[in-house]
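Visitor: Hi, could you walk me through this structure? I'd like the overall picture and then some details.
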Amino acid sequence: VAQTATPPKGSGTEADPYQIATLDNLYWLSQNPDIPKTTCYFIQTADIDATSTKDWDSGKGFTPIRNNSQNKTFQYDGQGHAITKLYINRPNQSDVGLFGCTNYCTVKGITLISPTIKGGENTGSIAGNGWGGAIYGCKAVDGSVTGAENTGGLVGIVQNNCTLDYCSATGTVNASGPNSGGLAGNIYCSDVRNCYSTARVAGTTVVG
């Protein structure tokens, strides 16, 4: 299935954020890791049905959203809107999730419903690698997350002073390597508050 990267409305400033209203807008974000602004702002303005991502990229599904530079941060506010049936199948890739690596960015207010996420090291539904920044008020509902080392129902690894607050995950987590958890596979030098998980977790060593 061919994908269309459609630029969203807005200019990316705090006063005029990019408005993510469709799956094509979300795909545009995943295809532009070097957003040409020091700081960009995004708001999700509608629920997004991502069922078709299962047929994208020869079965690999959605491309994780990445931030390639610590000097170019962004804030994505889902505003409580849902993304349903997001599909990612990249078992040979590290940092896999809706956001591959947050890299000092702020991600908040996103609900993933029935996501299927398959990756390698550092795999989660919302983010594979929560590197700095904050993940706030995000949920993964009835998710299926499969990965290797550092696999979590919401975030694969939370590290480098990342804050995880008011988040939750339900569903299943299956890891072929160490460090797996219902909420996060690995938490290192970071702050986790007001979170819970009821996910069923299977792994090798360090499972919780």
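Guide: Happy to; we can start with the overall fold and then turn to the helix, the cysteines and one threonine.

Visitor: What should I know about the model itself?
Guide: This is a predicted model, where local features need pLDDT of at least 70 and side-chain atom pairs count only at pLDDT 80 or more, while totals for chains, interfaces and linings use all residues. Residues are numbered from 1 along each chain as its sequence is written, and side-chain values use heavy atoms, leaving out hydrogens and water.

Visitor: How many helices and strands are there in the protein chain?
Guide: The protein chain has 1 helix and 23 strands. These are DSSP runs numbered from the N terminus: H or I over at least four residues for helices, E over at least two for strands.

Visitor: And what are its dimensions along the principal axes?
Guide: The C-alpha trace spans about 45 × 35 × 25 Å. The radius of gyration is 15 Å, which agrees with the value near 17 Å for a compact globule of 208 residues. That radius is taken over C-alpha atoms, and the globule rule is 2.2 Å times the number of residues to the power 0.38.

Visitor: What share of the residues is buried?
Guide: Of the 208 residues, 48% count as buried, meaning under 20% relative accessible area (over 50% is exposed, in between is partly exposed; 1.4 Å probe, protein chains only).

Visitor: Back to the helix. Why is α1 described as largely enclosed?
Guide: Because 7 of the 8 residues of α1 (residues 23–30) are buried, the rest of the structure largely encloses this helix. Among the buried ones are L26, Y27 and W28.

Visitor: Which strands help to cover them?
Guide: The cover includes β1 (18–20), β2 (39–44) and β5 (73–77), among others.

Visitor: Switching topic: how many disulfides are found?
Guide: The search of the whole structure finds 0, with a disulfide being a pair of cysteine sulfur atoms within 2.5 Å.

Visitor: Why is there no bond for C167?
Guide: Its closest cysteine sulfur, in C195, is 4.7 Å away, which is too far for a bond. C167 is buried, with a relative accessible area of 2%.

Visitor: What about C105, buried or exposed?
Guide: C105 is buried, at 1% relative accessible area. Its sulfur is 8.5 Å from the closest cysteine sulfur, in C101, so that is too far for a bond as well.

Visitor: Last one: where is T111, and what does T111 touch?
Guide: T111 is in strand β10 (residues 111–113) and is buried at 15% relative accessible area. Leaving aside residues up to four places away in sequence, T111 touches G80, H81, A82, I83, K139 and V141, where contact means heavy atoms within 4.5 Å.
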